[in-house]
Amino acid sequence: MNLDYSLFFLRFKHPFGVSSNTRVETPSIFVKLTVGEHSGYGECCLPLYLGETIEGSVAFFEKVKPILKKVKDDFSVVEIIKTIGSLSERDNAAKAGIDIALHDLKAKIQGVSCTKLLGLAKPEPLYTSFTLGIDTEEVMVEKVKEASDFSILKIKAGTQNDRALIHLIRKYTDKALYVDVNQGWKDKHQALDLAHFMFEQNVVLLEQPMPVDMKEEMAWLTERSPIPTIADESVKRLKDLDVMDGIFSGINIKLMKSTGLNEALKMIELAREKKLKIMLGCMAESSCGTAAMAQLTTYADYIDLDAPLLYKNDPFSGVTYEAGRISANETIGTGAEPLMELFEKTI
Ligand code: MG
């Protein structure tokens, strides 16, 4: 099996602001695995805040290359994932890139969709939220208009004045809101006041309201909050779910945190056992990574898979958006195919 990879900068239609920074572009390393006549594609998405670097991911791919060289077309996806998983403690995004490409490749060899390969129900088109980055009132108004197809909007909060932010949005739309606080609330009593205020403003979920290390306060808030609380930064991998009982109402699963589809499915299973709500989210993936996650949408209570809509140069096909709903392409593999030559040279 051959591993090729290629660095690409996804450029935002609007500079994308969250409480800590504003970006105009975001790097992804696309992965191509080839065996015989078939190629599978994956994505290693590396936004700054993830803490993983281009250099670190490239070093990881170089470590994986000779291992994959020995692999033939009758490979076991799970065995390879186990082997590369043991190469390092970190590199979650790079591992996800390989995991996604392996699933795509295996499904293509078998001539089936990735959903079928995984033994999952065929996903129906489902409503996804559309994210509005933090911006000036003028630009926010423009973004609300651009989101006219979507019935749920997602707001990045955790600002100095989240009440004002919600009031501003409410001047222009009464759509349901997902609010991602990005660990921005540090006082549990203020957080509960804000949760009640947001409940009255038709906010339907609160993502990561408090910092990761404020577990006790977070459990206190979840017990009293009129809105479900969803863990993002607090739950990256399967092992993080063990210590989450009572702390949140649900978890946001992302392929770049979970190291790919294999572990994401295990997280879905365990979250269901624990009666936690399941949100399927993304970092800043193109259609390549999003097509992989779209295979799992049947199992989601909430879907936040709008990242491909934010770019002006998405180099992959793979997902379709219609009237605010996301659907995976009806095809073999994940449905992700490059729209341009990406792999002529590696980094
Ligand atoms: Mg988040």
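In the predicted model, four elements, namely β1 (2–17), α3 (92–110), β6 (152–156) and α9 (255–258), each contribute at least two residues to the lining of the largest pocket. The volume of this pocket is about 830 Å³. Its lining comprises 40 residues, of which Y49, L50, E233, K254 and M283 are the closest to the pocket centre. By residue class, the lining of the largest pocket contains 18 charged, 12 nonpolar and 10 polar residues.

Strand β6, one of the contributors to this lining, is also joined to β7 by five bridges, and the two strands run parallel. Within this pairing, K156 lies opposite D180 of β7. The connection between the two strands involves helix α6 (residues 162–172), and β6, α6 and β7 together form a β-α-β unit of right-handed sense. A further crossover follows, in which the chain passes from β7 through helix α7 (residues 188–200) to β8; this β-α-β crossover is likewise described as right-handed. Strand β8 (residues 203–207) is parallel to β7, and four bridges join the two. In this second pairing, L177 is placed opposite V203 of β8. Strand β7 is thus bridged both to β6 and to β8.

The burial of β7 was examined next. The strand spans residues 176–180, and because five of its five residues are buried, β7 is largely enclosed by the rest of the structure. Burial in this case denotes a relative accessible area under 20%. The side chains of β7 are divided between two directions: A176, Y178 and D180 point one way, whereas L177 and V179 point the other way, and all are buried. Two of these buried residues also take part in the pairings described above, D180 standing opposite K156 and L177 standing opposite V203 in β8.

At the level of the whole protein chain, the secondary structure consists of 11 helices and 16 strands. The radius of gyration of the chain is 20 Å, close to the 20 Å given by the globule rule for 347 residues; the chain is therefore as compact as a globular protein of that length. The C-alpha trace extends over about 60 × 40 × 35 Å along its principal axes. Of the 347 residues in the protein chain, 59% are buried.

Terms used: Residues numbered from 1 in each chain as written. Predicted model: local features only at pLDDT ≥ 70, side-chain atom pairs only at ≥ 80, totals over all residues. Heavy atoms only, no water. 1 Å grid on protein atoms, 1.4 Å probe; cavity = no way out; pocket = protein on both sides within 12 Å on 5 of 7 lines; lining within 4 Å. Points joined across faces, edges and corners; volume = space filled by probe spheres on them. Nonpolar A, V, L, I, M, F, W, Y, C, P; charged D, E, K, R; others polar. Buried < 20%, exposed > 50% of the residue type's maximum accessible area, 1.4 Å probe, protein only. Pairing = 2+ DSSP bridges. Right-handed = clockwise from strand over helix to strand, strands pointing away. Rg over C-alpha atoms; globule rule 2.2 N^0.38 Å.
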